[in-house]
Amino acid sequence: MQENLEIQEKEVYELKICTERRGAGPISECIQPTTHGCEKVGKEMLDQTATNSGTRKLTALHHQPTQDQQEPEREMNADFGAPKDLAGGLQQRRSLYQPTLPPCLQGATVKVEYGDATTTIDPTCANVVAQAFPRTYGQPLVSFVAPPPDAVDKDRAPIRVGVVFSGRQSPGGHNVIWGLHDALKAYNPHSVLYGFVGGTEGLFANKTIEITDDVLASYKNQGGFDLLGRSIDQIRSTKQVNAAMTTCNNLNLDGLVIIGGVTSNSDAAQLAEALVQNNCKTKVVGVPVSLNGDLKNQFVETTVGFDTVCKVNSQLVSNVCLDAISAGKYYYFVRLMGRKASHVAFECALQSHPNMLILAEEVALSKLTLMEVINKICDGVQARAELGKFHGVLLIPEGLIESIPEMYALLQEINILHNNNVPVAEMPSQLSPWAAALFQFLPPFIRRELLLHQESDNSAQLSQIDTEQLLAHLVEAEMIKRTKEGRYKGRKFSSVCHFFGYQARGSVPSNFDCDYAYALGRISLHMIAAGLTGYMATVANLKDPVDKWRCAAAPLTAMMSVKRHLRGPGAIPIGKPAIHPSPIDLKGKAYELLREKASSFLLDDFYRTPGGIQYEGPGCNAKPITLTIENQDYMGDIEILKDCLSKVRTMVKPGCSREVLKAAISSMLSVTDVLTVMSHPLNAELPLYHFN
Ligand SMILES: O=P(O)(O)OC[C@H]1O[C@](O)(CO)[C@@H](O)[C@@H]1O
């Protein structure tokens, strides 16, 4: 115990310095205790960053479409599936990491339990979905448990499966293939797994490599999708569906596993329906992999890759926070990925505590105009200037631009012009007078970006629209105006803009993403073996340790809804049923926590340094804060608190300072628990734990 006390005191000393430097805020938030192990991992991570680019065998598939070229010709990269040089260090160590498996997946088979028949998450759409999916609608929920010890091991025929990366790159994607492969071989060593080379285009053209132990060796727990590559992320048109069906028939596939987000899984549902209707035996399984974290519903808690992407971006955000406070002269405007929902920006804000976060969901709900958003930011800048602070960090999601009503209307008009094949040069003159006026008001660089050709799902290319620069530009103009009018008397406003977009997508996945993806891959095989089609592989209880995870499969149609014209009882569903991105729950616990902290974040420079992803040692099993908080059971928390209190009493002397007490408490709780405690409704009854 004495030894423990010494460690605590040393930490408190470091934390005090940190507290003085950064102002208020939970001490534990300011520093992560360093151990010998952490230093070692940290150094090797840097080495890996330095060598990564030199060791990649792939040339990037991404090709920036020009204004009048929607889908450029793609060259198939001959190196897909080739072993890659792991260059030692972290990459090599990661390739040796063996994902932890939930108990039910540890054997070659599982017991399949069928639950209730499903409808849809939005019962008002049930009829529309049922009509669109006559063969696959209403299937039951399925869960997988370990087979009883006395289960008779029946003969298992070999299974033939194909796998395709359909969505955008997301850390952990390779582990889905690895998990699928291992489960397939454990099921029957003569089973075969084909990987479609070059994404959905490879599926249509039947371009495959056989996935073997040797092929997988250098892709285990590695970032990117470069084992197979990806292309247009679509299996939608009749031609595409027929091409996919022909491939399934030609390869005599028992199953096809489609890896991707909301769009890919909606397409998977359509394909499953088409295959059943055409008596094709191939079972279609979707796996939720998307960095955006927006494939979330009562069946899916989070997507593979979200955790890693948030961790990488949180580190970058916290780095610019410390840069900002050090020089005290710039406002950093940071845009993060997230087209239809702001989950990445939200999680990064909870991790790094920047001064401001503008969520697309909030703007859409309050119908804020562009100038209202600008004024909100300027008010924040002004409030900080009154405290003598001329720096700050603002986070926005890439979807913010579309959530501003007048910008959305302008983008819609441009979209229609694209659909009518109007040449880009003629578009400005064909806008409605109202939209043309807004278009002319915008700076030229934004005008050019707004006119870029749409994505394959017909939406604007939000990753290419520099919304952070637009905001910085307009905020600067407004601050100059306020200065001239005598409303602002502070130092000249200066900004630096960043898009932390593509940097994180290829990151080495976190332990959580490695384990989650590998488990989903294994579940996919059991789904095919059970003859399920039109289902998504799912895992529940993700906030808990892996041995508590529950493995299941949910019908894709159960996650579908239909977009509607009007709100309320007279609403008319329109469009095709699809799995839609889930926005941030503005009534959820995580959002409530953020709102409580908003004014402190704005004014106190309550920056937090989560550091780089840890693969070993303390913090290596950290989970996304939003996932943990939203799924937290409050009564469970209070038990954690009580347990913590009894341990802390043995660590600190009676009458110790508040700082020493806080540090001791923080050492007992994970960062996530600390955040949960802060938002706990029973917090008031335990004033000792009041971290505010
Ligand atoms: O790689 P691309 O085609 O530029 O795609 C970018 C888009 O993909 C995502 O990273 C993931 O959906 C979006 O956030 C982003 O808008």
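Trainee: Hello! What term describes how α5 and α20 lie to each other?

Mentor: Welcome! Keep in mind that this is a predicted model. Helix α5 covers residues 173–187 and helix α20 covers residues 511–529, and their axes cross at roughly 45 degrees. Angles under 35 degrees count as roughly parallel and 65 to 115 as roughly perpendicular, so with neither term fitting, α5 and α20 are oblique.

Trainee: Is the crossing of α5 and α20 left-handed or right-handed?

Mentor: Two packed helices are described by the angle between their axes and the distance between the axes. Here the axes of α5 and α20 come within 7 Å. As for its hand, the crossing of α5 and α20 is right-handed.

Trainee: How many residues in the contact of α5 with α20 are nonpolar?

Mentor: On the α5 side, the residues include W178, L180 and Y187, and they meet residues of α20 that include Y518, R522 and L525. Sorted by class, the contact of α5 with α20 has four polar residues and two charged ones, and the nonpolar residues number 12.

Trainee: Staying with α20, how many of its 19 residues are buried?

Mentor: The 19 residues of α20 reach 28 Å from the first C-alpha to the last, close to the 27 Å expected at 1.5 Å a residue. A residue counts as buried when its relative accessible area is under 20%. The rest of the structure largely encloses α20, because the buried count among its 19 residues is 18.

Trainee: Which residue just after α20 takes a positive phi?

Mentor: Look along the chain just past the end of α20, which covers residues 511–529. The phi there is positive, about 80 degrees, and the residue is G531.

Trainee: How far apart are the end C-alpha atoms of α15?

Mentor: Helix α15 runs over residues 405–419, which makes 15 residues. At 1.5 Å a residue, the helix should span 21 Å. The model agrees, because the end C-alpha atoms of α15 are apart by 21 Å.

Trainee: Which helices do the buried residues of α15 pack against?

Mentor: Begin with the residues themselves: the buried ones in α15 are E406, M407, L410, L411, I414, N415, L417 and H418. Their packing partners are α13, α14, α16, α17 and α18.

Trainee: Is N421 buried or exposed?

Mentor: N421 sits in the loop between α15 and α16. Although N421 is not a glycine, its phi is positive, about 55 degrees. Over 50% relative accessibility is the cut-off for exposed, so N421, at 67%, counts as exposed.

Trainee: And D233, is that residue buried or exposed?

Mentor: D233 is also not a glycine, and its phi is positive at about 55 degrees. It belongs to the loop between α7 and α8. Its relative accessibility is 6%, so D233 counts as buried.

Trainee: What is the angle at which α13 and α19 pack?

Mentor: Helix α19 spans residues 467–484, and its axis is 9 Å from that of α13. The crossing of the two is right-handed. Among the residues making the contact are I374 and I377 of α13, with L471 and L474 of α19. The angle between α13 and α19 is about 65 degrees.

Trainee: Which residues, T467 among them, does I396 touch?

Mentor: I396 is found in strand β10, residues 392–397. Its relative accessibility is 1%, so I396 counts as buried. Leaving out residues up to four places away in sequence, I396 touches V334, R335, L336, A345, I358, T467, E468 and L471.

Trainee: What distance separates the C-alpha atoms of I396 and L357?

Mentor: Along the chain, I396 and L357 are 39 residues apart. In space, their C-alpha atoms are separated by 6.0 Å.

Trainee: What distance separates the C-alpha atoms of I325 and I625?

Mentor: I325 lies in helix α10, residues 306–327, and counts as partly exposed because its relative accessibility is 24%. I325 and I625 are 300 residues apart along the chain, and their C-alpha atoms are separated by 25 Å.

Trainee: Lastly, what percentage of the chain do buried residues make up?

Mentor: The secondary structure of the chain comes to 25 helices and 15 strands. Of the contacts with a separation of 6 or more, 79% join residues 24 or more positions apart. Out of the 692 residues in the chain, the buried share is 56%.

Key:
Residues numbered from 1 in each chain as written. Predicted model: local features only at pLDDT ≥ 70, side-chain atom pairs only at ≥ 80, totals over all residues. Heavy atoms only, no water. Axes fitted to C-alpha atoms, helices over the stretch in contact; angles between N-to-C directions. Helix = DSSP H or I, 4+ residues; strand = E, 2+ residues; numbered from the N terminus. Parallel < 35°, antiparallel > 145°, perpendicular 65-115°, else oblique. Left-handed = near helix turned anticlockwise from the far one by under 90°. Contact = heavy atoms within 4.5 Å. Nonpolar A, V, L, I, M, F, W, Y, C, P; charged D, E, K, R; others polar. Expected span 1.5 Å × (residues − 1). Buried < 20%, exposed > 50% of the residue type's maximum accessible area, 1.4 Å probe, protein only.
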